[in-house]
Amino acid sequence: MDCLAALHATSRCHGNLTTGNIFLDDAGAVWVNDFFQLPRMTDDERLFMAEQRFLAPEFVTRGIADWRTDVYSLGCVLAESLDRDSINRDVAALLDSMRALDPEQRGESPQAVRTALQRLRHLEEARVGTKRPSLRRKRMYRRVPAEFEVALRRRSATPDETAAILLKVRDIGESGVFVETDDELIVIGSILELDFTLKGVEGNVHAFGIVRWKSSPPMPRGVGVQFMEVDQAGLARLRKFLESK
């Protein structure tokens, strides 16, 4: 984070943080390479990076990047690298905030995120040698059963496939939805555009998501879609719906 803090102080961002470009040398120093990849990335490269779960959703969908893009990617790298069975509640909460869908929720500034990481590191160092029960990290958002139709478009669809198709949602949470479908064109890594209305809540929800998994019999056929970006009004409607359950 020291490296990123110095970079962000110049109003620039790394833009391409992954587990493949952060290194630890024999002296224990952390090195970062592959800087400034975002301006040269094609749409296909952005979609590939989204599949790898390191690139922030606002860049995948709108091409927007700043220091919060790096915070998102760093949170993904840490979540990928740490032993989840040993992540305590404080670390889990920080990782969740770093990977928030809304960039505004990823911290007040790069310095604030850096300070939070340092504080947790010092707390963990103080606990070395102390036996504590392992706290398994919980899902960031709960899911609730739901049944409604969603208008869905594949972002990478060819021109003659851009019309929305209506599919059924079976459960939903702030992080994503399960959509029933046996469409072979919807595969893991597909970028989807979704529009839906929630029962008892006025207004529409517009979101972009990425397919993270597919299910098959004996489970209902369908896909798990993780939200990458939800419009602010839609996010407020989604939270209102979840709070009512």
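## A short tour: Ser215 and the largest cavity

Start by selecting Ser215 and Pro220: a polar atom of the Ser215 side chain lies 2.5 Å from the backbone oxygen of Pro220. Keep in mind as you look around that this is a predicted model.

Stay on Ser215 and colour the strand it belongs to. Ser215 sits in strand 7, which covers residues 204-215. Is Ser215 buried or exposed? Ser215 counts as buried because its relative accessibility is 14%, and the cut-off for buried is under 20%.

Now show the neighbours. Leaving aside residues up to four places away in sequence, Ser215 touches Phe178, Pro220, Arg221 and Gly222. Pro220 thus appears on two counts, in this set of contacts and through its backbone oxygen.

Next, turn to the cavities. The model has two cavities of 30 Å³ or more, and the largest holds about 60 Å³ of space. To find the largest cavity, select Leu55, Pro57, Tyr72, Arg212 and Met228, which are the closest to its centre among the eleven residues that line it.

Which elements each supply at least two residues of that lining? Select helix 3 (57-62) and strand 8 (222-230) to see them. Strand 8 gives the most, with three residues.

For a last view, colour the lining of the largest cavity by residue class. You should find nine nonpolar residues, one polar and one charged. Arg212, already selected as one of the residues closest to the cavity centre, belongs to the charged class.

Methods
Residues are numbered from 1 along each chain as its sequence is written. This is a predicted model: local features need pLDDT of at least 70, side-chain atom pairs count only at pLDDT 80 or more; totals for chains, interfaces and linings use all residues. Side-chain values use heavy atoms; hydrogens and water are left out. On a 1 Å grid over the protein atoms alone, a cavity is a set of points where a 1.4 Å probe fits but cannot get out, and a pocket is an open set with protein on both sides within 12 Å along at least five of seven lines; lining residues have an atom within 4 Å of a point. Grid points are joined across faces, edges and corners, and a volume is the space filled by probe spheres set on the points. Helices (H or I, at least four residues) and strands (E, at least two) are DSSP runs, numbered from the N terminus. Buried means under 20% relative accessible area, exposed over 50%, partly exposed in between (1.4 Å probe, protein chains only). A polar contact is a pair of N or O atoms within 3.5 Å; within protein, one must be able to donate a hydrogen and the other to accept it, and residues adjacent in sequence count only if both atoms are side-chain atoms. Contact means heavy atoms within 4.5 Å.
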